[in-house]
Amino acid sequence: MAPSFSITRYNQQHLLPYLLEFQLTTIQYLTLIDTLARFHLRGEARQFYLGYFWWLLEPALYIAVFYAVFQLLLDSRQPDYLYFLAVGKLTFIWFSKSVVQASFSIETNRGLLSQVAIRKEVFPLAAIQQGFYRQLVVLSFLLVLLFLSGKGQFHYWFWLLPLMFVQMLLISGVGLLAALVVCWHKDFQHLIQLGMMFLLFVSGVFWDVNAVADADVRRWLLLLNPLATLIDAYRQILLFGSLPKTDLMSVLLCQSLLLLSIAVGAYRIFQSRIAVRVLSR
Amino acid sequence: MTHLLTLDNVSLSFDMGANSRYDALSGIRLQIAAGDRVGVVGANGSGKSTLLKIMAKIFEPETGHVEWAPNVTASLLTLGLGFRPDLSGRDNAYLSCLLMGLSSKAASSCLDEIESFCELGSFFDQPVKFYSTGMRARLAFGSALLNQSQVLLIDEVLSVGDSVFREKARQALEERLSPERAAIIVSHNLGQISSLADTAIVMERGEISASGAVDDVLNVYQRSTVSSR
């Protein structure tokens, strides 16, 4: 009989064959992720009297609250503040809600986790896919609203597609990492929610990042916070009819790809230990 | 004899917090060949389900080694822990098919067969949260039946539901246990183990305390449980 060996040595020797032994192909995994996302959205809608209408109602209520505070109470000087706020807030909600839902998705699916040998990325990616479907509806509604009000600029609307693609990359990287750290310690859930609150205040959701007087501070804010760059880029395209800055967009793309690469690497390393970690607590 | 699965000195412990660990499995050595039908008995917490999860690749051993023969797949049949309560039986069955590796088209075409086997009537299109335990068991078993894995790991799926369905499920399982496949059956129902398995093992505190021909092992196990009371 072979002698016992430690988990580190086991992983080094057997990690690749172990991952290849998962029974589904890439196409099957993509089908599964999409089905999980659509079924979850259907199940969620069935729980509420207003069903799918909440997809629009929830962000609309958020915007109404922020508008009441910043425009009516604090008298913001930003022109067309309602639309300015709507673009920022809807972009932020897509990011924050997707990441938060992804963060507890593996824990939520512990039933499935205990039944099938499956790549654990499936669950956060399904949560992220749900967010994407919601955003498609919400963004369509926003575009119609901007068109009808005459406040929108549509010269560069097609730039929304690569911008949304980059945002999906960013959400996937952050969401996958968030789900993994929550598997190890549930305490991270609190930190992630606190982090979202922090990002809400520093990403220019209800203020204009270009209004920061100090050019260096403004640049560092955009470089260090990909979400601020994203929100500003959506506003440039939809409200100001101009293209986002190429250098900032390149940095954003690199940041998103880097985060996603780290996440993919982390799942390759920790894949086989996630189920024990989640199911034994 | 072709070994489908070999467990060599496999151990696994769980972190219980506060710097304590619980030894769920310890030094397990087991070989499963094509055509084997192995019953697994033991008290609650003895490591039966953890053993099946190791075999199903859900858990990886902490020490030791598990070797699957090339292209051999093992699937765990349990009581639908993964069912989503807000989805209908049909949706959950479809999802189960996808999780077993069926394509979207193949999964859709299996739904009629599952519906017919489960005998849930109009409940098949109702959310699972309205199902009784027996109805959930029917759905779980009906969905799991389509599994094509060479190693079937059966965890208590034959112990619930009414007696008519239990017998139907037992017969359906019997039909699927071909000589090319192996089955490891966990149950507290010793009669079921005796009728489905050829050999058996007894799990005690994460270790195999007895193994051999099914009736001999069950006799030993029954005597030990009676004497321990």
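The following exercises, each with a worked solution, go through a predicted model of two chains, A and B.

**Exercise 1. Find how confident the predictor is in the model and in each chain, and which elements score lowest and highest.**

Begin with the scores for the model, which are ipTM 0.83 and pTM 0.86. Next take chain A, whose pLDDT averages 87, with 91% of the residues at 70 or above. Among the elements of chain A, helix α1 (residues 7-20) has the lowest mean pLDDT, at 35, while helix α8 (residues 160-184) has the highest, at 97. Over residues 1-22 of chain A the pLDDT is below 50, and this stretch has 19 contacts in the model beyond near neighbours in sequence. Then turn to chain B, which averages a pLDDT of 87, and where 97% of the residues score at least 70. In chain B the confidence is lowest in helix α5 (residues 163-176), with a mean of 81, and highest in strand β8 (residues 199-204), with 95.

**Exercise 2. Describe the open sheet of three strands in chain B, giving its strand order, its edges and its pairing.**

The order of the strands is β2-β1-β4 in chain B, and the pairing is antiparallel. The edges are formed by β2 (21-33) and β4 (63-68) of chain B, each of which pairs on one side only. From one strand to the next, the twist averages 15 degrees.

Now follow the two pairings of strand β1 (residues 3-15) of chain B, starting with β2(B), to which β1(B) is joined by nine bridges in the antiparallel sense. Two partners in β2(B) can be looked up in the structure: Asp23(B) is the bridge partner of Ser13(B), and Leu25(B) is the bridge partner of Leu12(B). The hairpin of β1(B) and β2(B) has five residues between the strands, and here Gly17(B) takes a positive phi near 80 degrees. With β4(B), strand β1(B) shares five bridges, again antiparallel, and Asp8(B) stands opposite His65(B) of β4(B).

Finally, place the helix that goes with these strands: helix α1 (residues 48-55) of chain B lies across β1, β2 and β4 of chain B and runs at about 60 degrees to β2(B).

**Exercise 3. Describe the open sheet of six strands in chain B, and say how β3(B) is joined to β8(B).**

Reading across this sheet, the order is β5-β6-β7-β3-β8-β9 in chain B, with mixed pairing. The edge strands, each pairing on one side only, are β5 (74-77) and β9 (207-213) of chain B. When direction is ignored, neighbouring strands of this sheet are turned by 20 degrees against each other on average. Strand β3 (residues 37-42) of chain B and β8(B) run parallel and are joined by five bridges, and in β8(B) the bridge partner of Val40(B) is Ile201(B).

**Exercise 4. State how chain B is divided into domains and what distance separates their centres.**

The assignment for chain B gives domain 1 as 1-73 + 181-229 and domain 2 as 74-148. Taken over C-alpha atoms, the centres of domain 1 and domain 2 of chain B are separated by 27 Å.

**Exercise 5. Work out how helices α4(A) and α7(A) are oriented to each other, and what kinds of residues make their contact.**

Helix α4 (residues 81-103) and helix α7 (residues 122-149) of chain A pack at an angle of about 170 degrees, with their axes 8 Å apart. Angles over 145 degrees count as roughly antiparallel, and α4(A) and α7(A) are therefore roughly antiparallel to each other. On the side of α4(A) the contact residues include Tyr83(A), Leu90(A) and Trp94(A), and on the side of α7(A) they include Ile128(A), Val138(A) and Leu142(A). By class, this contact of α4(A) with α7(A) has 12 nonpolar, five polar and one charged residues.

**Exercise 6. Describe the contact between chain A and chain B from the side of chain B.**

The contact takes 29 residues from chain B and 29 residues from chain A. On the side of chain B that touches chain A, at least two residues each are supplied by β1, β4 and α2 (89-99) of chain B. The residues of this side of chain B divide into 10 nonpolar, 10 polar and nine charged.

Technical notes. Residues numbered from 1 in each chain as written. Chains lettered and ligands numbered in written order. Predicted model: local features only at pLDDT ≥ 70, side-chain atom pairs only at ≥ 80, totals over all residues. Pairing = 2+ DSSP bridges. Helix = DSSP H or I, 4+ residues; strand = E, 2+ residues; numbered from the N terminus. Axes fitted to C-alpha atoms, helices over the stretch in contact; angles between N-to-C directions. Contact = placed C-beta atoms within 7 Å. Nonpolar A, V, L, I, M, F, W, Y, C, P; charged D, E, K, R; others polar. Parallel < 35°, antiparallel > 145°, perpendicular 65-115°, else oblique. Domains from an automatic or database assignment. pLDDT = per-residue confidence, 0-100.
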